[in-house]
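Trainee: I am new to this structure and would like a close look at a single part of it. Could you take me through the annotated site, and then through what surrounds it?

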Amino acid sequence: MKKNIYFYETNTPIGKIGIATTQNNSHITDLIWESDFEDFKKHNNFKICETELIKQAKKQLFEYFEKKRKNFDLPLLKEGTPFQISVWSALEKIPYGKTRSYKDIAIAINNPKAVRAVGMANNRNKIAIFIPCHRVIGADGKLVGYGGGLHIKQFLLELEGVQIK
């Protein structure tokens with residue numbers, strides 16, 4: 001089902017990204033990697049518009065890239081199953097500059113055997129960076145899976161001062 005949304009592209013230190021909001025501009029719905037633009041545009045009814053909320057999201061994102069912001073203060077629309085939403089809520093609690101393993105997140109949501117499901121929920125996070133799925137790493141401390149690519153995950157973690165194995 002196609003959503004009616006506002007969409008705007010911007011250049012960032014990690015490449016071009018898109019930010020989308022609900023039709024009434026009340027919530028951020030997506031952060032889209034440039035490699036996913038075509039697919040995103042094909043599956044959504046959108047109007048290209050830099051709304052006030054998108055401007056606010058861009059401002060906070062650039063403050064983050066400049067190391068002036070550690071937490072985002074934006075209305076985010078988490079669209080998913082109750083399990084996915086519980087995972088995303090746990091991700092939001094990972095402090096800036098810290099990492100957690102998929103198992104840590106599974107334990108945090110009181111479902112310690114759901115490590116793979118946590119990984120799948122992480123993969124379904126449509127609001128990357130704002131919901132910091134980049135802070136989840138393998139149990140061995142290595143980088144694993146990231147929608148924007150491992151090079152972006154590494155960039156974001158290093159920006160936050162995390163030493164990568």
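Mentor: Let us begin with Cys133, which the UniProt annotation "active site", from an unreviewed entry, covers; please keep in mind that the model before you is a predicted one. Along the chain, Cys133 is placed in the loop between helix 5 (115-123) and strand 6 (136-137). Although it belongs to a loop, Cys133 counts as buried because its relative accessible area is 5%, and the cut-off for that word is under 20%. If you set aside the neighbours within four places in sequence, the residues in contact with Cys133 are Leu91, Asn122, Asn125, Ala128, Tyr146 and Lys153.

From there we can step back to the domains, since the domain assignment of the protein gives domain 1 (3-66) and domain 2 (82-160). The C-alpha centres of domain 1 and domain 2 lie 21 Å apart, and twelve residues of domain 1 are in contact with 16 residues of domain 2. Between them the two domains bury about 1300 Å², of which 72% is on carbon and sulfur atoms. Across this interface the rule finds zero salt bridges, while three residue pairs, both residues at pLDDT 80 or more, are in polar contact between domain 1 and domain 2. On the side of domain 1 that touches domain 2, strand 3 (28-33) and helix 2 (52-65) each supply at least two residues, and strand 3 gives the most to that side, with five residues.

Methods. Residues are numbered from 1 along each chain as its sequence is written. This is a predicted model: local features need pLDDT of at least 70, side-chain atom pairs count only at pLDDT 80 or more; totals for chains, interfaces and linings use all residues. Side-chain values use heavy atoms; hydrogens and water are left out. UniProt positions are given in the numbering used here, feature names are shortened, and annotations may be inferred rather than shown by experiment. Helices (H or I, at least four residues) and strands (E, at least two) are DSSP runs, numbered from the N terminus. Buried means under 20% relative accessible area, exposed over 50%, partly exposed in between (1.4 Å probe, protein chains only). Contact means heavy atoms within 4.5 Å. Domain bounds come from an automatic or database domain assignment. Buried area is the accessible area (1.4 Å probe) that two parts lose on being put together, summed over both. A salt bridge is a side-chain nitrogen of Lys or Arg within 4 Å of a carboxyl oxygen of Asp or Glu. A polar contact is a pair of N or O atoms within 3.5 Å; within protein, one must be able to donate a hydrogen and the other to accept it, and residues adjacent in sequence count only if both atoms are side-chain atoms.
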